[in-house]
Amino acid sequence: MKKRNNSKAGFSLVEVSVALGVVVFCLVTILGVLAVGVNSTHVSTAQTAATNILTAVASDIEATPNITPAYIVGSTAYAKGTVAETSALYGIVLPIGGTGTASAVQTVYIAEDGTKAASAAGALYQLNVWVRASSTTQQETFARLVISWPATVSYTSAQGYVENIVAINRT
């Protein structure tokens with residue numbers, strides 16, 4: 001007859017519990033860091049897209065010429081650029097040059113692909129534009145551009161925003 005060994009091999013319940021506790025602690029830490037990384041990536045992607053859209057808007061405004069020719073009505077002569085012009089892509093109204101006037105805040109909704117959207121419902125971004133014409137020359141125009149997301153809330157309480165100030169020589 002064989003003699004049985006009374007020693008029992010294996011782990012105790014305490015050892016298994018401690019090992020599981022260490023593994024759970026490590027997994028929770030890794031998942032927390034992963035969540036922060038995913039959120040940072042999302043914010044970075046939205047901010048990069050918004051910056052690209054701001055570049056497109058600035059280019060659209062810069063490409064809007066003072067196309068109003070010089071003309072005379074009755075005894076009053078009007079210089080080039082005495083009528084407000086509208087940008088081609090985003091429909092931003094640029095005020096009359098040489099008057100020092102500022103336009104009211106213009107709100108444009110931007111879709112995910114960077115095109116102008118009809119309303120906030122179909123938009124991802126909200127663009128707010130403040131434009132001021134120079135008081136001394138016909139050509140200088142200054143624009144403050146703020147793009148925020150999501151489009152359904154005001155830029156003052158938005159999840160994120162990007163701002164740019166553009167000085168344009170509209171000759």
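The exercises below, each with a worked solution, concern a predicted model.

Residues are numbered from 1 along each chain as its sequence is written, and side-chain values use heavy atoms, with hydrogens and water left out. Because the model is predicted, local features need pLDDT of at least 70 and side-chain atom pairs count only at pLDDT 80 or more, whereas totals for chains, interfaces and linings use all residues.

**Exercise 1.** Determine which residues form a salt bridge, and where they lie.

*Solution.* Begin with the criterion, which asks for a side-chain nitrogen of Lys or Arg within 4 Å of a carboxyl oxygen of Asp or Glu. By this rule the count comes to 1 salt bridge, and the partners are Glu-163 and Arg-144, whose closest N and O atoms are 2.6 Å apart. Next, place the partners: Glu-163 belongs to strand 9 (residues 160–169) and Arg-144 to strand 8 (residues 140–149), so the pair ties together parts that are 19 residues apart in sequence. Strands are DSSP runs of E with at least two residues, helices are runs of H or I with at least four, and both are numbered from the N terminus. Finally, consider exposure, where buried means under 20% relative accessible area, exposed over 50%, and partly exposed in between (1.4 Å probe, protein chains only). Glu-163 is partly exposed at 37%, and Arg-144 is partly exposed at 30%.

**Exercise 2.** Describe the surroundings of Thr-64, starting from whether this residue is buried or exposed.

*Solution.* Thr-64 sits in the loop between helix 1 and strand 1 (71–73), and its relative accessibility of 5% makes Thr-64 buried. The side chain of Thr-64 reaches the backbone oxygen of Asp-60 at 2.9 Å, a polar contact (a pair of N or O atoms within 3.5 Å; within protein, one must be able to donate a hydrogen and the other to accept it, and residues adjacent in sequence count only if both atoms are side-chain atoms). Turning to contacts, defined by heavy atoms within 4.5 Å, and leaving aside neighbours within four places in sequence, Thr-64 meets Glu-85, Thr-86, Ser-87, Ala-88, Leu-94 and Arg-170.

**Exercise 3.** Locate Tyr-109 and relate this residue to Tyr-125.

*Solution.* Tyr-109 is part of strand 5 (residues 106–110) and is partly exposed, with a relative accessible area of 23%. Tyr-109 and Tyr-125 are 16 residues apart in sequence, while their C-alpha atoms are 6.0 Å apart in space. Not counting residues up to four places away in sequence, Tyr-109 touches several residues, including Tyr-125, Gln-126 and Ala-151.
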